[in-house]
Structure formats: C-alpha cells, structure tokens
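This report describes selected features of a protein model. The sequence and the structure are shown first, and the sections after them take up individual elements in turn.

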Amino acid sequence: MIPFNKPYSTGKETSYIKQALASGKISGNGFFTQKCHDWFKTNYGFKKSLLTTSCTDALEMAALLCDFEKGDEFIVPSYTFVSTVNAFMIHGGKPVFIDCLREHPCIDPLEIEKNISTKTKVIVIVHYAGISCDMNQIMNIAKRYNLLVVEDAAQAIDSYCTFNDKKQRLGTFGNFATFSFHETKNIISGEGGLLVVNDSRYESRAEIIWEKGTNRSAFFRGEIDKYGWVDLGSSYLPSEIIAAFLYSQLEHLEEIQSVRKLFWKNYYNLLSQNKDILSLFDLMKIPAYATNNAHMFYLVAKNSHHRDGLISFLKSKGILAVFHYQSLHLSTFYKQKYSGNNLPNTEIFSERLIRLPLYYELGSESIDFIVKTIEEYCIKTQST
Ligand SMILES: *Cc1c(COP(=O)(O)O)cnc(C)c1O
C-alpha cells in the first residue's frame, strides 16, 4: 500500500521535546518558540513571526488585525481550504469569491480587479501547491485601491516569486502571511502554524491578540512593569512541545526539501515523456514568475470521468491518490446565504485535479510503480 502522505520525523524531535520538559516550562512562548522565531528571522528575513496552533488560527489573527466593520468585504479564491474563508467570516468579513486561472488554480488578478467595490477591504490569496500567485499584478492592484493583502502561504514554505525582476520569498508580500505545519505539509508539527507580520504598524497588536488580549509579551521583555487586558485576543500560541518538534523540522528543512524536489522531478520526467498518459492528463504548470517547492504533484484530467476513474484504478492497485478542494462558492453552507458568481475554472479544478503521493519516504521505486500504473489505466481506458 502506498499512502497519499506519511509524516516524516527527522529523529531530533523527541530529544528536543525532552529538553523542553527538563527545562520545567512547556507552555507557550518559551525557549523553542523563540528558537523558531529566530530561525525565521535569520533564514527567511521575517521581521515578526508568531508561531500559532494552526494556519487556521494564524488566519484568524490576520482577520482580527484587518478589523472588519459591518459590510466590509474580502476577496478570496473559491478554490481553497475552508479556513481561508471561515477565518475572515468569523471576524466579520463578507466573502467575494473569485475564479482561478485556467492554467493554474491560483487566483486570477483580472477577476480580482473586476470585483473590487467600495466595501472591499482585503485581498486574501492562496499560493496553491506552493506555486506563487501573480504577485506583480496583485500587489499593484492592492496599492492602487489601497487594500490590505493576506497571503495564505500554508503550502508555500521555501517558495518564491520573481517580483520587479528579483526573486522574493512567499510570505513577505502581504501585510500578513500565514503558514501551516499540519502533518500534510512539507515541514510539520502535527498541527501548527505561523503568522508573519510584514507591516510593522500591526506588530504590537498582533502580539497582544496572540497572548489572549494581554500585553504579556512586552512585560516579559521588560518594556512595561505590569501586564493586563488591553484588547481582544485568544489563545493562539502553541505549547513548547509543538515548538520543540517544529524546531527540529526547521533544522532539517533543506534536506527535506531536496528529497521532495528530487521526487517531484522523478514524477515530472517520467510523466512528461509518456504519450499515453499525456493524452488523458495534463501535468501541473508552473508560471515563469514562480518557483516550485515540491509541496504537491498533481495532474489535471482532460475530463472528470478520467479523474475519478484513475483514483479508483490506483486504489485497486494499492495507491492512494486524492482529489482536492470542492468549490466553496457551490458549498451548501455558502449557497444558503448568498448567490455568487459563476467560476468556471474553479469548477474545472474541483472536478479534474488529482494529487499523487509525495512524501519524504516515498522512494523512486514507488514513483516508477505509480507512473506505470497510471500508464496502465490510460492504455486500458483508450482501448475500450
Ligand atoms: C493546510 C491549509 C490550511 C489550514 O492549515 P491548518 O494548519 O490545518 O489550519 C489553510 N489554507 C490552506 C491553503 C491549506 O493548504
């Protein structure tokens, strides 16, 4: 059996967790949390990072920082995980769903601009599969209409966009950006996330929201002599046990990434030479401005019948491949409340995209077997 995903442990996690326990402090914002924040500052240039219990929570923090007033709208792709939308709706925003590009499931900048109204406050974007949205166009629109930008970079660790002719790291564009360390992502802590605050005007409020609406962080830095309740907030910070686990993953990020990228290339090389497969499936496309962080390998079937057919055929051979997002604008929850736009490209990816197994321990032999099995399906299907 080849699973779709398998969480990878670098081996150092348990010793760091033991070290946290031995230190006598395992609640949040301690030694390992600081180590993770420092890691992101040194290696990624993130000025203000706050570890969170999930990317969903980081998105909620971003939503609180956006400060929605009644009627305020946010622009968001329909082809995304529910949290990208829930987080902003819970905190008072009204979603305006936008279609993705035909060649890639990232949001279509032209559609963003068409749907901006006087009520629009925020553009929320998702770097799907760790492949950058078109940041040149999106940042230009945000500037012209004076809108906030939130990057849902849950899948986008270690990825870049060429911006003004220079490679710039994803997670550094928006006023806020969020990452996920859920077990299905490239680096993991079971559940876990990160809020990046790129706009310094929001740094201190972000810290307060993170610490349950108190100025406890400033107190511990010795900046004030007592701490208290100063704003809204919640418990968004993870325990030191999570941070200790994550720190070990960060230390091994380069190694994890090189293995994932190798497997991604293996898939690409084998599939791109296979005429039988290419007659029924398209390979994922990476725009010239984007880099690939090997978060995902997906195919897009030329029709939905082949997508579902391939999933069941692979399953019968012990390979778990899976589809992805159902269009949120067509969900029962949304349709009860709103009538929205028609989003044809989103619906195509909902019906036709298939993700292949990709994880650290997969191995090239499994990839050979998976590609052979896809070929078998294509030959069998074409001859009937
Ligand atoms: C995984 C994911 C999330 C949610 O992350 P959690 O850490 O599980 O809350 C949100 N958005 C996108 C695009 C994701 O892929």
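## Helix α6 and its surroundings

The buried residues of helix α6 are covered by elements that include α5 (109-114), β4 (120-126), β5 (148-152) and β6 (160-163). In this predicted model, helix α6 spans residues 135-145, and its buried residues are Met135, Ile138, Met139, Ile141 and Ala142. These residues lie on the same side of α6, because they cover an arc of only 155° around the axis. An α-helix has 3.6 residues a turn, so residues three or four places apart point the same way.

The opposite face has another character: Lys143 and Arg144, both exposed, are carried on the face of α6 turned away from its buried side. After α6 comes asparagine 146, which has a positive phi near 55°.

## The seven-stranded sheet

Seven strands form an open sheet in the order β1-β9-β8-β5-β4-β2-β3, and their pairing is mixed. At the edges stand β1 (48-52) and β3; each has a single partner strand, so one side of each is left without a neighbour in the sheet. From one strand to the next, the twist averages 20°.

At one edge, strand β2 (residues 73-77) pairs with β3 in the parallel sense over five bridges. Within this pairing, valine 76 has phenylalanine 97 of β3 as its bridge partner. Helix α7 (residues 203-210) packs on the sheet, where it touches β1 and β9 (193-197), and the direction of α7 makes about 15° with that of β1.

## Edge strand β1

Is the edge strand β1 enclosed or open to its surroundings? Five of the five residues of β1 are buried, so the strand is largely enclosed by the rest of the structure. Lys48, Leu50 and Thr52 point one way from β1, whereas Ser49 and Leu51 point the other way; all are buried. In a regular strand the side chains alternate between the two faces of the sheet.

The pairing of β1 with β9 is antiparallel and runs over five bridges. Glycine 193 in β9 is the bridge partner of threonine 52.

## The three-stranded sheet

A second open sheet has three strands in the order β10-β11-β12, with antiparallel pairing. Its edges are β10 (281-283) and β12 (353-356), each with a single partner strand, so one side of each is left without a neighbour in the sheet. On average, neighbouring strands of this sheet are turned by 35° against each other, direction ignored.

β10 pairs with strand β11 (residues 297-301) in the antiparallel sense over three bridges, and alanine 301 in β11 is the bridge partner of phenylalanine 281. Helix α10 (residues 253-272) packs on the sheet and touches β10, β11 and β12, its direction making about 30° with that of β11. Helix α12 (residues 304-316) also lies across β10, β11 and β12 and runs at about 25° to β12.

## Surroundings of the ligand

How many residues surround the ligand? There are 14, and the closest are Thr56, Asp152, Gln155, Ser180 and Lys185.

Several polar atoms can be placed relative to ligand oxygen atoms. In threonine 56, an N or O atom of the side chain is 2.5 Å from an oxygen atom of the ligand. For glutamine 155, a polar side-chain atom lies 2.8 Å from an oxygen atom of the ligand. Cysteine 55 has a backbone N or O atom 2.9 Å from an oxygen atom of the ligand.

## Individual loop residues

Histidine 104 is placed in the loop between β3 (94-98) and α5. Histidine 104 counts as buried because its relative accessible area is 2%, under the 20% cut-off. Leaving aside residues up to four places away in sequence, histidine 104 touches Tyr128, Ile131, Lys285, Tyr298 and Phe349.

Two further loop residues have positive phi values. Asparagine 164, in the loop between β6 and β7 (166-169), has a phi near 50°, positive in a residue other than glycine. With 58% relative accessibility, asparagine 164 counts as exposed. Lysine 212, which lies in the loop between α7 and α8 (216-220), has a positive phi of about 60° although it is not a glycine. Its relative accessibility is 43%, so lysine 212 counts as partly exposed.

Notes: Residues are numbered from 1 along each chain as its sequence is written. This is a predicted model: local features need pLDDT of at least 70, side-chain atom pairs count only at pLDDT 80 or more; totals for chains, interfaces and linings use all residues. Side-chain values use heavy atoms; hydrogens and water are left out. Two strands pair if DSSP finds at least two bridges between them. Helices (H or I, at least four residues) and strands (E, at least two) are DSSP runs, numbered from the N terminus. Axes are lines fitted to C-alpha atoms, for helices over the stretch in contact, and angles run from 0 to 180 degrees between N-to-C directions. Contact means heavy atoms within 4.5 Å. Buried means under 20% relative accessible area, exposed over 50%, partly exposed in between (1.4 Å probe, protein chains only). The arc is that of the directions from the helix axis to the C-beta atoms. A residue is near a molecule or strand if one of its heavy atoms lies within 4 Å of it. A polar contact is a pair of N or O atoms within 3.5 Å; within protein, one must be able to donate a hydrogen and the other to accept it, and residues adjacent in sequence count only if both atoms are side-chain atoms.
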